[in-house]
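Work through the three exercises below with the structure open beside you. Try each task before reading its solution.

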There are 2 protein chains.
Amino acid sequence: MNQPGESLRDRKKRRTRAALERATVRLAAERGYDHVTVEEIAAEADVSVRTFFNYFASKDEALIGADPEAGPRIAERILAFPPEVSPFDAYRRSVLAEITDELDNARDLWLLRKEVLMQRPDLLVRAFANSAESEQLLANAVGQRAGLPESHVYPRLLVAAGSAAFRCAVTRWALDDSVALGDLVGEALGLFGTGLAHVPHHHEGGS
Amino acid sequence: MNQPGESLRDRKKRRTRAALERATVRLAAERGYDHVTVEEIAAEADVSVRTFFNYFASKDEALIGADPEAGPRIAERILAFPPEVSPFDAYRRSVLAEITDELDNARDLWLLRKEVLMQRPDLLVRAFANSAESEQLLANAVGQRAGLPESHVYPRLLVAAGSAAFRCAVTRWALDDSVALGDLVGEALGLFGTGLAHVPHHHEGGS
DNA sequence: GATCGTTTTGCAGTCACTGCAACTTTGCAG
DNA sequence: CTGCAAAGTTGCAGTGACTGCAAAACGATC
């Protein structure tokens, strides 16, 4: 009874993890991030505090719902593009695909997260602090496609640019979510692609 | 006895702040960041723990030595450039000037910080989390020069790129400090300026 | 040297987070 | 179904970052 890669155990784990993530986001959106204790979150998800910390290394992580498989997934996508796609495009399209998928699966959570991140923008930055490992993975994938040595700046810089683009996009999206988050990230990455040396032309509509 | 803008009180405050910063960096480099308690830091600087927190909001902040005047200083520099200098160049040159100054004043501290950041790269990311206010300041300055409305992405994106460039540069500098940190930041910002869409040519020497 | 504003300090308290050692649940085999 | 091993959960005791508050020490001013 363990063939489909999803045993009872695994299912329970997924449910618990999801419950903790939801509880964190919901309560934080409701009362403000630092007026919610881990104790309350654990109670809401019907597990002990200790169990909370078995799933997430910190309250921050639970709020963002850091998915340890996201990094590998994106890296895989990057490498899967045919060789005629440039490293930059492979990276951009892989990131956008991940974001689109994520929003399709958990749009409601992101709408709540938005509320929290509007109050505490620093949490978004902190969220990226714990993902150094994933960043390394992505940088390696980009470097491999670009045929660059480990030590070259380009892959690292591109990945860092991705984080920056995501940060900016979420900030804008929080102010006005009439545009899809994915489009905002795409726009930001587009600007990084063509270069910031010149101020982009200023359109009337929108920002 | 209070004309030269530096009273006894002010001098003591500066000394205490510097002592706490030095103690934090020194001890963290010596034993590892999380094997040093605030209690020990405070003892080393000959003040109470409570006083530590009067100067720095967190241990992280003390390690980086977050200077609340750095943001305003850079913003001022940006606005001081003659109008024929592009917003991008004004930003880049202002940031580089600040870094150069900082290294001239506290190179020894940065050499120790380097050791700590090599062990815990996340601290560098976290350091930027608390500087949202300064980022806003810089973005406004850039926006003003570029004649863009408050809501435009460009200034925000440029400032975010600056953080990313700094992060990458410090990481590389930590691995090999034979190149000046300022030059590495300059290089990274240069790439952001010309755009990341195409992989830069790979030189043999260096990275 | 009395007074006023600022800084330092101690103290009590809250909360995130950890290691450890029991305890419960699940998966599997006999 | 039973017993066993592995995986997951829990409570507990402890550490350490950080906060608010009120008292004490200190520096500037007259």
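**Exercise 1.** Find what lies 2.6 Å from a polar side-chain atom of Thr51(B), then describe the surface near DNA strand C.

Solution. Step 1: the partner of the Thr51(B) side-chain atom is a phosphate oxygen of DNA strand C. This is a polar contact, a pair of N or O atoms within 3.5 Å (within protein, one must be able to donate a hydrogen and the other to accept it, and residues adjacent in sequence count only if both atoms are side-chain atoms).

Step 2: two or more residues each come from helix 1 and helix 3 of chain A and from helix 1 and helix 3 of chain B. Helices are DSSP runs of H or I with at least four residues, numbered from the N terminus. The most, four residues, is given by helix 3 of chain B.

Step 3: chain A also reaches phosphate oxygens of DNA strand C, with a side-chain N or O atom of Lys12(A) at 2.5 Å and a backbone N or O atom of Lys59(A) at 2.7 Å.

The model is predicted; local features need pLDDT of at least 70 and side-chain atom pairs pLDDT 80 or more, while totals for chains, interfaces and linings use all residues. Residues are numbered from 1 along each chain as its sequence is written, chains are lettered from A and ligands numbered from 1 in the order written, and side-chain values use heavy atoms, without hydrogens and water.

**Exercise 2.** How many residues surround DNA strand D, and which part of the strand do they approach?

Solution. Step 1: the count is 21, with Lys13(A), Thr51(A), Lys12(B), Arg50(B) and Lys59(B) the closest. A residue is near a strand if one of its heavy atoms lies within 4 Å of it.

Step 2: of the DNA strand D atoms within 4 Å of the protein, 64% are in sugar and phosphate.

Step 3: the side chain of Lys13(A) has an N or O atom 2.9 Å from a phosphate oxygen of DNA strand D, and for a polar side-chain atom of Tyr55(A) the distance to a phosphate oxygen is 3.1 Å.

**Exercise 3.** At what angle do helix 8 and helix 9 of chain A pack?

Solution. Step 1: the angle between helix 8 (residues 132-146) and helix 9 (residues 153-175) is about 130°, and their axes are 8 Å apart. Axes are lines fitted to C-alpha atoms over the stretch in contact, and angles run from 0 to 180 degrees between N-to-C directions.

Step 2: helix 8 of chain A is therefore oblique to helix 9 of chain A. Angles under 35 degrees count as roughly parallel, over 145 as roughly antiparallel, 65 to 115 as roughly perpendicular and the rest as oblique.
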